[in-house]
Amino acid sequence: MAFFCCSGIIPSLLSSTLIASKFKDEKNIIIIENALTKLFLTPYKKTSGYEKIIIDLILKSSSWDEVHSISFENTYVSIRRLLPFLPYVPIESFRIIKNKKNIVSTINKIISNTKLKNLVVSDNSILLKYFYKKKFNVSFLEHGAASYRSGFQKRDFRYFLKGIISKFSTLSLNIKVNSIYLSDNCNSYRSQEKVSNNNGVKAISCDLSSDIKKLYYKFILNFKEKFPEAYDELVFIRNKSKHQKMFIYMPTAEMISDKGYYQYLQDQLNQFESDKNSFFLIKPRGDDIYRDYLNYFNLLGLEAVTFKEEVNLCIPVEFLTMFFESSTMVSSYSSSHLYIRWWLGKKTIFTEVKNHPVNKYLVNEYNAVRKDFLKLQSTN
């Protein structure tokens, strides 16, 4: 029996393909963490409510034996942000979870009703530290670029402080994990790293490309049935772009002002060939639904569209590049560059605006796959 606990669209997608290749002879059960997260002392912006629906459609398009969904509210508190003068605090952040006791009790009941053999958890899981037991054989599953950090586990003073805190609380802060499933098909630098089982998390590199494509075809049929108007919008855009060079543009929302974005976009577009016959589909993230990106393209005299059907914003861009077969994805740093190449064998256009202040932040944010992006640049 294989038991999964996942948070977000990408882990849901990957776990749904992983069971077809690695756990096809097992009974497969999944818990989905549907977290509504608020940031402490930060204005809370509404995000699209369709992410959960897209996850449900992904799971429906796979062959799970049991699906459990747990919704909860939590507040994220960053100690690093509140206390920047204490860079070596043992715990960088924590969460205040509403009705935590009931949530953990629900998970324990689900687990107690199964003969748990393998526990596969997306490495961005919020709840794992609350229900983890030493008897579990835990493997991680990637959730994005941060999953490709080095597998070596530092046994510094923070590690031992976390152990002490764990003994006097219900939290498990130093969870024993031996491996992580990566979807890179042996293409990333992380999968080539050798680590000791006693002091590191071994990368298990998987080729999920064929299973991802199979999942997509089932997903798009289920999507058409559940959201006919949104599907018709996809078809309309595909027909509209038939005789043009189509790009799927993913904006960079982080720390760029509305006023400054026009120049940022121009710097990106100057890095590749686009002309009056080019057609851009603007695909922001589901939590980036306020900025009028279409206006910037209009100012540049370029033809572009945005989704009017909000659910389409939450479709993974990897799936969109399959629906719009002749399209090319364009963006600054995004793990989608790597996924589109690793999973689908398609080229993307990586537009790094090196002279913009935000680039320093992006380089740090994607440091785990920095070498992979440099390799990606060399093959453009």
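This short presentation covers two loop residues and one parallel sheet in a predicted model.

Good morning, colleagues. I begin with the loop between β7, residues 179–182, and β8, residues 202–205, where Asn185 is found. Asn185 is not a glycine, yet its phi is positive, at about 55 degrees. As background, most residues other than glycine have a negative phi. The relative accessibility of Asn185 is 31%, so this residue counts as partly exposed, given that the partly exposed class lies between the 20% and 50% limits.

Cys186 has its place in the loop between β7 and β8 as well. Cys186, likewise a residue other than glycine, has a positive phi near 65 degrees. Is Cys186 buried or exposed? Its relative accessibility is 52%, and Cys186 therefore counts as exposed, since that class begins over 50%.

I turn now to the sheet. Five strands form an open sheet in the order β11-β10-β9-β12-β13, and their pairing is parallel. Which strands lie at the edges? They are β11, residues 303–306, and β13, residues 349–350, each of which pairs on one side only.

Let us consider the β13 edge in detail. Strand β12, spanning residues 328–331, pairs with β13 in the parallel sense, over two bridges. Within this region, Ser331 stands opposite Phe350 of β13.

A helix completes the description. Helix α12, residues 335–344, lies across β12 and β13, and also across β9, residues 245–250. Relative to β12, helix α12 runs at about 160 degrees.

Thank you for your attention.

Key: Residues are numbered from 1 along each chain as its sequence is written. This is a predicted model: local features need pLDDT of at least 70, side-chain atom pairs count only at pLDDT 80 or more; totals for chains, interfaces and linings use all residues. Side-chain values use heavy atoms; hydrogens and water are left out. Helices (H or I, at least four residues) and strands (E, at least two) are DSSP runs, numbered from the N terminus. Buried means under 20% relative accessible area, exposed over 50%, partly exposed in between (1.4 Å probe, protein chains only). Two strands pair if DSSP finds at least two bridges between them. Contact means heavy atoms within 4.5 Å. Axes are lines fitted to C-alpha atoms, for helices over the stretch in contact, and angles run from 0 to 180 degrees between N-to-C directions.
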